[in-house]
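Q: Please take a close look at the enclosed space inside this protein and at the residues around it. I would also like that part to be placed in the setting of the whole chain.

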Amino acid sequence: MQDFPIFPDQASTVAWQVDAIYFTLVALSVFFSIAIAAAITFFAIRYRKGNNVDRSNPMEENTVLELSWSIIPFILAMGVFGWSAVVFITIRTPPVDAVEVYVIGKQWMWHAQHPSGKSEINELHVPVDTPVKLIMTSQDVIHDFFIPAFRVKQDVVPGRYSMLWFEATKPGEYHLFCAEYCGTEHSVMVGTVTVLEQAEYENWIGGDAADEPLAVAGERLFTENGCISCHNGEPGAIGPPIANETIFGETREFEDGTSLTVDEAYIRDSILNPQAHIVAGYAPVMPSFDGQLSEQSLLQLIEYIKTQ
Ligand code: CUA
């Protein structure tokens, strides 16, 4: 049973928090199930046919009892809700200094792409005691990235980026599963997450000089696809500046008076559906690159724009 533990390791900072909620819910459920089953059994025996007991059932009022069996469950339910909400927000809010890794799901494998250029299939190497943020998308259908030992799980959806973060607390190897039925070989869409000591990780991530950093590949795409001719930042340029310009995390104002923060989703939309948001002061002339760039190329362009 060693490879199929009923209760996986607790190997991330949130694992014990998720488990604490889980066990509290189990304890509450067991307590109330036993109390209700005991009451049913008691009344079934006491009021069984032929047993000589008082069945007059007079009306009785007991305000204290009425209030307590309304208020106590209310406090328990709201307590569990508030506590879970705090843990949920923790799980959904990545620290700003997190190490970023891009993940592409496809039938039926996981492709991880590190900004350094290192890429891996059905494996993910991460440093211990360091927050890691995954920016994930799918090339075909919905998948779901699940690391039981870290108690984190997130759908990976075609056409958009979803985010998952964790901080591993113990070096070792952990299971990675696809947790969304995605076709005939869903069950083999599995992998290994390897948590390395900091020094080992540095060694691993920088190990191969032949790896081309994502931002460098992105810069090449930026030139090859002609983005540079409009987004060069020169006076009179057709598009808003991107090359040599910090735009990631900035606010973009649009022609229609709305605005958005430049993030991965905004950049992706701007490349695939440029007419959706026209930056104030520019004409809607950019062609769509929908169908011309792979998910991987999009991520390379995003990483290039991020590092400007
Ligand atoms: Cu991918 Cu199931």
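A: The account below begins with the chain as a whole, turns to the cavity, and then follows the aromatic contacts, the backbone and the open pocket.

The model is predicted, and its local features are described where pLDDT is at least 70. Its secondary structure consists of seven helices and 12 strands. The C-alpha trace extends over about 95 × 50 × 35 Å along its principal axes. The radius of gyration of the chain is 27 Å, whereas a compact globule of 308 residues would have a value near 19 Å. Of the 308 residues, 36% are buried.

The part requested can be treated under a general principle. Empty space is revealed by rolling a probe the size of a water molecule over the atoms. In this model one cavity of 30 Å³ or more is found, and the volume of the largest cavity is about 30 Å³. Its lining is formed by V103, W110, A112, E123, L124, F145 and L176. By class, six of these lining residues are nonpolar, none is polar and one is charged. Two strands, β2 (109–113) and β4 (123–127), each contribute at least two residues to the lining.

Among the lining residues, W110 merits separate attention. W110 belongs to strand β2. Its relative accessibility is 2%, and because buried means under 20%, W110 counts as buried. The C-alpha atom of W110 is separated by 8.2 Å from that of E120, a residue 10 positions away along the chain.

The backbone has a further feature at W108. The peptide bond that runs from Q107 to W108 is cis, with omega near -5 degrees. W108 itself is located in the loop between β1 (99–106) and β2. As a general matter, most peptide bonds are trans, and most residues other than glycine have a negative phi. Two asparagines carry a positive phi. For N57 the angle is about 50 degrees, and this residue is found in the loop between α1 (15–46) and α2 (63–92). For N244 phi is near 55 degrees, and this residue is found in the loop between α5 and β11 (251–253). N57 is exposed, having a relative accessible area of 68%, and N244 is likewise counted as exposed, at 71% relative accessibility.

The aromatic contacts come next. Across the whole structure, 10 aromatic pairs are found. In one of them, the ring centres of F150 and F166 lie 4.8 Å apart; the planes meet at 40 degrees, so this pair is tilted. It joins distant parts of the chain, with F150 in the loop between β6 (143–147) and β7 (152–156) and F166 in strand β8 (residues 162–167), 16 residues apart. F150 and F166 are both buried. F150 also pairs with Y174 in a tilted arrangement, at 5.4 Å centre to centre and 55 degrees between the planes. This second pair likewise links distant parts of the chain, as Y174 is in strand β9 (residues 172–178), 24 residues from F150. Both F150 and Y174 are buried. Elsewhere, F42, F43 and Y47 are linked into a cluster by ring pairs.

Charged side chains also meet aromatic rings. K153 lies over the face of F146, 4.9 Å from the ring centre. The charged end of R268 is placed over the ring of Y161, at 5.0 Å from the centre of that ring.

The cavity may finally be set beside the open space of the model. The largest pocket has a volume of about 540 Å³, while the largest cavity has about 30 Å³. The pocket is lined by 30 residues, and those nearest its centre are H231, I242, S270, P274 and M286. Its lining divides into 23 nonpolar residues, six polar residues and one charged residue. Helices α5 (227–230), α6 (264–272) and α7 (295–306) each provide at least two lining residues, and α6 gives the most, with four. Thus strands β2 and β4 each supply at least two residues to the cavity lining, whereas α5, α6 and α7 each do so for the pocket.

Conventions: Residues are numbered from 1 along each chain as its sequence is written. This is a predicted model: local features need pLDDT of at least 70, side-chain atom pairs count only at pLDDT 80 or more; totals for chains, interfaces and linings use all residues. Side-chain values use heavy atoms; hydrogens and water are left out. On a 1 Å grid over the protein atoms alone, a cavity is a set of points where a 1.4 Å probe fits but cannot get out, and a pocket is an open set with protein on both sides within 12 Å along at least five of seven lines; lining residues have an atom within 4 Å of a point. Grid points are joined across faces, edges and corners, and a volume is the space filled by probe spheres set on the points. Ala, Val, Leu, Ile, Met, Phe, Trp, Tyr, Cys and Pro count as nonpolar, Asp, Glu, Lys and Arg as charged, and the others, Gly among them, as polar. Rings of Phe, Tyr and Trp (its six-membered ring) pair if their centres lie within 6.5 Å; planes under 30 degrees apart count as stacked, over 60 as edge-to-face and the rest as tilted. Buried means under 20% relative accessible area, exposed over 50%, partly exposed in between (1.4 Å probe, protein chains only). A charge sits over a ring if NZ of Lys or CZ of Arg is within 6 Å of the ring centre and within 35 degrees of the ring normal. The radius of gyration is taken over C-alpha atoms; the globule rule is 2.2 Å times the number of residues to the power 0.38.
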